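Please read the following account alongside the sequence and the coordinates. It moves from the whole chain to single residues and then to charged pairs.

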Amino acid sequence: MIKSPSTSFDITTDQLAHALTAHDDRGIVSALAPLDTTEVIEQYERLNAAERGLVYAALRPEVAQHVFDRLDTSLQVEIVEQLSETEAATVFALMRPDDRVALADELPESMVAALMHGLDERSRTLTTAVRSYPHRAVGRFMSPEFVTTDPTLDAGATLERVRARLDDAESIYTIPVIDAQARLIGVISLRDVLRADPSTSISSIMKKPLSVVASMNVEDAARYCAETKVLVLPVIDEGDRLVGILTVDDALRILEDAESEDAARSGGSEPLRRPYLATPVRSIVKARVVWLLVLALGATLTVKVIGAFEATLEAQVVLSLFIPLLIGTGGNTGNQAATTITRALALGDVRPRDVFKVFTREVRVGALLGLLLGSLGFVIAALAFTVPLGLVIGLTLLGVCTMAASLGGLMPLLGKAVRADPAVFSNPFISTFVDATGLIIYFLVASTILGL
């Protein structure tokens, strides 16, 4: 009988847990032996810190390096801090320059200096070059290890260049073509090189290159790479000289991290930046508590609004029954608009200069939603209570939905305009603000129609 992947995973998890509990080194090795690198990482990320140390120590050196290279940076830091200086230097030396930079950004500077000192001259030079770019520039995420060709060479000579760099080049499937001044003038795929006659000139078969400047924002560069569907995106400096490449797998990882960050912040939390089960409880609490405190303080505004209209509520106690419905509908409407615009910003569908277009569009969307929900609210409230009360509910839903949608569409654009994360301006703050303003609209409409 063939076991399903989930069944095999559960069996391995149980075997590994039993071996870890018994501190059985042979059992740990036996449980890990049948697993490939991806499966080892899946098991590793489910363990606590002490268990991760035991598992990493049990891995064969070549497997351990493959696992290390694919772990989140936070888990790499944890491993490096537990290794001896010699072991840490060996692991650091085997990493690619861009991966070294990501790790170095999370380590104490004294440790980074020691690790950099242990590199050979070429590795140190490449790593230092990548590290010289600003933190959110694509240059800091590019690989400086690549193979190039010259327009004066032929396909046969280019193929020899590729063979000579098979062990150290980040990618060989797309080959940049540079001139004598290292300026990018074209690209050629390995497929085209292999297809061509060895004597065919590169200049006759190369294509116009797509590229990004090293100072460009890394998320924008990664999205451009994904949208153009290229395997390798050349990275150039201000003088059009080739300085590195961004591979599609790195671009997709960057976008995944950015989307995880946006999702966390739109939900009122800081991103964990590591697998959930591998994150200490105190780190999860720290990621959430600040936003909860901010939102709790913001919620006091809602309490003050209710207090200000206390006399209105005393005159018509039935109004209190609809408060959860109205503020809930307003919050959901605003969150829908904010999430839509935040995503559109990320995809490049809208820009801060489109603020008027977005505003007018969301006003219409909110008004139509309010008309639909308000009509339904009017009918239900009129049948259950009175027609005037139904009118209050209907008009309030119309006003709240229009206000919430327009505000939800504007906030991410304002965040982008002031160089803040649009997701931070999204759901939590909108919900708090809409709760208060929605109640103001509600009580003002009720006071007018019911004569309170």
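The paragraphs below start with overall figures and end with salt bridges.

The model is predicted. Its protein chain contains 21 helices and five strands. The C-alpha trace spans about 90 × 65 × 55 Å along the principal axes of the protein chain. For a compact globule of 452 residues, a radius of gyration near 22 Å would be expected, but the protein chain has 29 Å.

Of the 452 residues in the protein chain, 44% are buried. The accessible surface of the protein chain is about 23800 Å², and carbon and sulfur atoms account for 60% of that surface. Among contacts between residues at least 6 apart in sequence, 65% join residues at least 24 apart. The protein chain carries 40 positive and 54 negative charges, and the mean positions of the two sets are 5 Å apart.

Two single residues come next. Ala287 belongs to helix α16, which covers residues 281–308. Is Ala287 buried or exposed? Its relative accessibility is 7%, so Ala287 counts as buried. Ala287 and Leu326 are 39 residues apart along the chain, and their C-alpha atoms are separated by 30 Å.

Asp98 is part of helix α8, residues 97–104. Which residues does Asp98 touch, leaving aside its neighbours within four places in sequence? The contacts of Asp98 are with Val130, Phe141, Met142, Ser143 and Asp250. Asp98 is buried, yet it has no salt bridge. The nearest side chain of opposite charge to Asp98 is that of Arg253, at 5.3 Å, and a salt bridge here requires a nitrogen-to-oxygen distance within 4 Å.

Side chains of opposite charge can pair when their charged atoms come close. The structure holds 17 salt bridges. One of them joins Glu78 and Arg52, with the closest N and O atoms 2.7 Å apart. This pair links distant parts of the chain: Glu78 is in helix α6 (residues 73–82) and Arg52 in helix α4 (residues 49–58), 26 residues apart. Both Glu78 and Arg52 are buried.

A further salt bridge forms between the side chains of Glu170 and Arg96, at 3.0 Å from N to O. Why does this pair tie together parts that are 74 residues apart in sequence? Glu170 lies in the loop between α11 (155–164) and β1 (174–178), whereas Arg96 lies in the loop between α7 (85–94) and α8, so the salt bridge joins those two parts. Glu170 counts as partly exposed because its relative accessibility is 21%. Arg96 counts as partly exposed too, with a relative accessibility of 26%.

The last pair lies within a single helix. Asp192 and Arg195 are both in helix α12 (residues 190–195), three residues apart, about one turn of the helix. Their side chains meet in a salt bridge of 2.8 Å, N to O. Asp192 counts as buried because its relative accessibility is 17%, whereas Arg195 is exposed, with a relative accessible area of 59%.

Salt bridges can also share partners, and in this way Arg96, Arg122, Glu145, Arg165, Asp168 and Glu170 are joined into one network.

How values were computed
Residues are numbered from 1 along each chain as its sequence is written. This is a predicted model: local features need pLDDT of at least 70, side-chain atom pairs count only at pLDDT 80 or more; totals for chains, interfaces and linings use all residues. Side-chain values use heavy atoms; hydrogens and water are left out. Helices (H or I, at least four residues) and strands (E, at least two) are DSSP runs, numbered from the N terminus. The radius of gyration is taken over C-alpha atoms; the globule rule is 2.2 Å times the number of residues to the power 0.38. Buried means under 20% relative accessible area, exposed over 50%, partly exposed in between (1.4 Å probe, protein chains only). Contact means heavy atoms within 4.5 Å. Accessible areas come from the Shrake-Rupley method with a 1.4 Å probe; for residues, only the protein chains shown count as cover. Lys and Arg count as positive and Asp and Glu as negative; His and the chain ends are not counted. The place of a charge is taken as NZ of Lys, CZ of Arg, CG of Asp or CD of Glu.
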